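Student: I'd like to learn how to read strands, sheets and site residues off a model. Can we walk through one together?

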Amino acid sequence: MDQYSETSHSGAEDGRLKLHGRVSVAQVEEGVQLAPRFDSDGLIACVTTDVTSGDVLMVGYMNREALERTIETGDAHYWSRARQVLWRKGATSGLTQSVVEMRIDDDQDAVWLRVRVAGSGASCHVGYRSCFYRRVRTGNERSAGHDLVFTEEHKTFDPAEVYGDVANPTVL
Ligand SMILES: [Zn+2]
């Protein structure tokens with residue numbers, strides 16, 4: 001029996017996941033219970049990487065339900081802040097993210113998903129593999145030209161074809 005054994009079963013009686021309340025620093029940092037901290041909007045940040053290449057694909061947010069569904073199904077779910085909806089990644093595009101490993105950070109306020117992406121392997125709604133398809137010139141390189149330099153030469157799919165007239169989630 002561990003120190004926090006009173007609620008240490010990972011699944012509730014109906015088989016549904018049970019997230020734990022946060023009771024101590026020791027529990028959160030050194031324990032074996034998942035006790036995530038959601039921010040004032042009820043969200044936790046999630047960085048998602050490609051399990052094969054190691055590249056960062058995207059940074060998203062999960063509410064409690066998105067986190068629970070990701071754990072229960074093994075498919076990445078996120079909360080869209082722009083559209084204010086729970087969203088199973090790839091529901092529209094077919095570019096689903098199958099979770100190979102989920103990690104939680106020290107204070108349990110950020111998640112890292114290592115995923116295998118279906119189809120073309122793209123994760124970005126703009127059509128690129130990674131949402132981080134441009135780099136920002138820094139330091140001495142700043143004078144070399146434009147602020148941003150593309151790091152992916154081609155889109156892997158045509159967003160207009162895949163998403164049709166679904167509203168663009170990018171907010172100005
Ligand atoms: Zn993107």
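Tutor: Sure, let's start with a hairpin: β3 and β4 form one with four residues between them, and glutamine 84 in that turn has a positive phi of about 55 degrees. Keep in mind that this is a predicted model, where local features need pLDDT of at least 70, side-chain atom pairs count only at pLDDT 80 or more, and totals for chains, interfaces and linings use all residues. Residues are numbered from 1 along each chain as its sequence is written.

Student: How many bridges pair β3 with β4?

Tutor: Strands are DSSP E runs of at least two residues, numbered from the N terminus, and two of them pair if DSSP finds at least two bridges between them. Here β3 (residues 77-80) and β4 (residues 85-88) are antiparallel, with four bridges. Tryptophan 79, for instance, has leucine 86 in β4 as its bridge partner.

Student: What is the strand order in the open sheet of four strands?

Tutor: That order is β2-β1-β6-β5, and the pairing is mixed. Because β2 (56-62) and β5 (97-104) stand at the edges with a single partner strand each, one side of each lacks a neighbour in the sheet. For β5, the antiparallel partner is β6 (residues 110-117), joined by seven bridges.

Student: Which residues does UniProt list for "binding site"?

Tutor: The unreviewed entry gives Asp105, Asp107 and Asp109; such annotations may be inferred rather than shown by experiment. Aspartate 107 is in the loop between β5 and β6.

Student: Is aspartate 107 buried or exposed?

Tutor: Buried takes 20 or more other C-beta atoms within 10 Å, exposed 12 or fewer, and partly exposed is in between. Aspartate 107 has 13 such neighbours, so it counts as partly exposed.
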